[in-house]
Amino acid sequence: MFAIGCHLSISKGFYAMGQEALSLRGSTFQFFTRNPRGGKAKDIDAADAEKLKDLMNEHQFPVILAHAPYTLNLCSKKSDLRTYGEKMMADDLQRMELFPGNLYNFHPGSHTGQGVETGIAQITEALNRLLWPEMQTTVLLETMAGKGSEVGSRFEELRDIIAGVKLQEKLGICLDTCHVFDGGYDLIGNLDGVLQEFDDIIGLSRLKAIHLNDSKNPCGSHKDRHEKLGEGYIGREALQKVVTHPRLKDLPFFLETPNDNEGYRQEIAMVRSWWGKEYD
Ligand code: FE
Ligand code: FE
Ligand code: ZN
């Protein structure tokens, strides 16, 4: 199952995103659950949700990916910000139950000076309050670039967060190619080695999605500036190896590149051509 899509705006609703994804020849999409800078989410229209689910069935979307707001920080030094983030995520996860079996991705957080170990402990504790046995969403920790005090730029940190969570079966990882490259993992010269390292430390069975982005900066730069596919430091050849790699090719891929819809349409077509799946 090859699945490719891009980030879309939720402003016109869920069914509209499904149609927009199809119009770009995508077979999945990502969306922010609310304004990416946070704030209140609109109530989900149940009929709109049903229409999207029908469309997903009809067009064989394997899964869709919700993205938490960027401001959500489960390991801020400020306890009121931690509480605020946890409330947003609790609300998001409740709403996701309207779309059983899909994915919810979040940035583990920035420890804002408390140190990475405290950050990891706070994220783990929050997840232990947020997850519940009957929930039907898989919650993904995103691999980060290591900008500022971000937690989760090393596979070991993600492993340690997961290790303390009781309902580990609810957790997975979303690997962002720009972030891991900026974090110092050499996707150009050592893709097999990076994937083996991921497998040894976290386990590749946890990997549920890829954010497919080029990077405006060199490996190890810890910057997190996304670039269009083939126009950055990772480059077309390495990105093509990522999407066709036998250990990755069946995952859903999500573009978060600086594009308008026409740019996304072209990138989706390019990724399909790498798979040799231009037409189906
Ligand atoms: Fe992200
Ligand atoms: Fe990302
Ligand atoms: Zn990013």
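**Strands and metal sites in a predicted model**

Strand E2 and strand E3 (residues 65-67) pair in the parallel sense over 3 bridges, where strands, written E, are DSSP runs of at least two residues, helices (H or I) are runs of at least four, and both are numbered from the N terminus, and where two strands count as paired if DSSP finds at least two bridges between them. This is a predicted model, in which local features need pLDDT of at least 70 and side-chain atom pairs count only at pLDDT 80 or more, while totals for chains, interfaces and linings use all residues. Residues are numbered from 1 along each chain as its sequence is written, chains are lettered from A and ligands numbered from 1 in the order in which they are written, and side-chain values use heavy atoms, with hydrogens and water left out.

**Strand E2 and its neighbours**

- All 5 of the 5 residues of E2 (residues 28-32) are buried, so this strand is largely enclosed by the rest of the structure; buried means under 20% relative accessible area, with exposed being over 50% and partly exposed in between (1.4 Å probe, protein chains only).
- Both faces of E2 are covered, with Thr 28, Gln 30 and Phe 32 buried on one side and Phe 29 and Phe 31 buried on the other.
- Strand E1 (residues 3-8) also pairs with E2 in the parallel sense, over 4 bridges, and Gln 30 of E2 is the bridge partner of His 7.
- From E1 the chain crosses through helix H1 (residues 14-23) to E2 in a right-handed β-α-β crossover, meaning that, with the strands pointing away from the viewer, the path from the first strand over the helix to the second runs clockwise.
- In E3, the bridge partner of Gln 30 is Leu 65.

**The iron ions**

- The iron ion (ligand 1) has as its protein donors His 67 (NE2), His 107 (NE2) and Glu 142 (OE), which lie 2.1 to 2.2 Å from it; donors are N, O and S atoms within 2.8 Å of the metal (3.2 Å for Na, K and Ca), and sites may look incomplete since water is not among the atoms.
- Glu 142 coordinates both this ion and the iron ion (ligand 2), the two being 3.2 Å apart.
- His 67 and His 107 are both buried.

**The zinc ion**

- The protein donors of the zinc ion (ligand 3) are His 179 (NE2), Asp 224 (OD) and His 226 (NE2), at 1.9 to 2.2 Å from it.
- The zinc ion (ligand 3) and the iron ion (ligand 1) are separated by 5.2 Å.
- His 179 is buried, as is Asp 224.
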